[in-house]
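Here are my notes on the model, as promised. Have a look at it first, then go through the points below.

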Amino acid sequence: CITAKGVAHYKAWLGTPINVGKMKTMEEGKFFFLGMAPAEKRIAFLRQYIDDLKAEYRKLCEIKRFTDENQTAVIQKSTQMICGDGAAVDHLKEVSGENDPEKVIGNLYAYQMYLLAHGLKGVQSDIDFYEEILEKELEG
């Protein structure tokens, strides 16, 4: 059950800008110091990282394929579940400022798909970036 305090906290949190500085990962620190490693270690690191990124990209593509194929059903099922719980509907309306639960769920789903698309673009960009570096390493 969502409390009034929880709704207020959520609204305040959602109203704050994204902290871009927190979007970087600790793992990027490894790359920062990679230049100190021997060439064979750098190449092995880059190859493994590129393979891992490609595996992540494939997973995200599978999620996108599934969500594209099932979008309408997911929204309808989610709406039915929410609408079956009067308190959930009331909380959803209060948090969103919308009266139509299906519209709220559609908006939520859309933003989740925007994030998925962003993730796909980001991973592809990372693959391209690290493949360029690997090429430079292999050229010597």
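1. Start with helix α4 (residues 86-96) and helix α5 (residues 101-139): the two pack at an angle of about 60 degrees, with axes 10 Å apart. That angle makes α4 oblique to α5, since it falls outside the ranges for roughly parallel (under 35 degrees) and roughly perpendicular (65 to 115). Bear in mind throughout that this is a predicted model.

2. Which way does the crossing of α4 and α5 go, left-handed or right-handed? The α4 and α5 crossing is left-handed. On the α4 side the residues involved are V89, L92 and S96, and they meet P101, V104 and I105 from α5. Sorted by class, this α4 contact with α5 has five nonpolar residues and one polar residue, with no charged ones.

3. Next, helix α3, which covers residues 39-83 and bends by about 70 degrees at N70. Don't picture a straight rod when you look at α3, given that bend at N70.

4. How do α3 and α5 sit against each other? They pack at an angle of about 170 degrees, and their axes are 9 Å apart. An angle over 145 degrees counts as roughly antiparallel, and α3 and α5 are therefore roughly antiparallel to each other. By class, the contact of α3 with α5 has 25 nonpolar, seven polar and nine charged residues.

5. Which residues of α3 are buried? They are R42, I43, L46, I50, L53, L60, T67, I75 and T79. The cover over the buried residues of α3 includes α2 (28-32) and α5. If you read down that list, keep the general spacing rule in mind: an α-helix has 3.6 residues a turn, so residues three or four places apart point the same way.

6. T79 deserves its own look. This threonine is in helix α3, and at 10% relative accessibility T79 counts as buried, because the cut-off for buried is under 20%. Setting aside neighbours within four places in sequence, T79 is in contact with E102 and I105. I105 also turns up among the α5 residues that meet α4.

7. Is R47 buried or exposed? R47, another residue of helix α3, lands in between: it is partly exposed, with a relative accessible area of 43%. Beyond its neighbours within four places in sequence, R47 is in contact with L134 and L138. For a sense of distance along α3, R47 and Q76 are 29 residues apart in sequence and 43 Å apart in space, C-alpha to C-alpha.

8. Last, G140, which is in the segment after α5. G140 is exposed, with a relative accessible area of 94%. How far is G140 from A39 in space? The two are 101 residues apart along the chain, and their C-alpha atoms are separated by 8.8 Å.

Note on methods
Residues are numbered from 1 along each chain as its sequence is written. This is a predicted model: local features need pLDDT of at least 70, side-chain atom pairs count only at pLDDT 80 or more; totals for chains, interfaces and linings use all residues. Side-chain values use heavy atoms; hydrogens and water are left out. Axes are lines fitted to C-alpha atoms, for helices over the stretch in contact, and angles run from 0 to 180 degrees between N-to-C directions. Helices (H or I, at least four residues) and strands (E, at least two) are DSSP runs, numbered from the N terminus. A crossing is left-handed if the near helix is turned anticlockwise from the far one by less than a right angle, and right-handed if clockwise. Contact means heavy atoms within 4.5 Å. Ala, Val, Leu, Ile, Met, Phe, Trp, Tyr, Cys and Pro count as nonpolar, Asp, Glu, Lys and Arg as charged, and the others, Gly among them, as polar. The bend at a residue is the angle between axes fitted to the seven residues ending there and the seven starting there. Buried means under 20% relative accessible area, exposed over 50%, partly exposed in between (1.4 Å probe, protein chains only).
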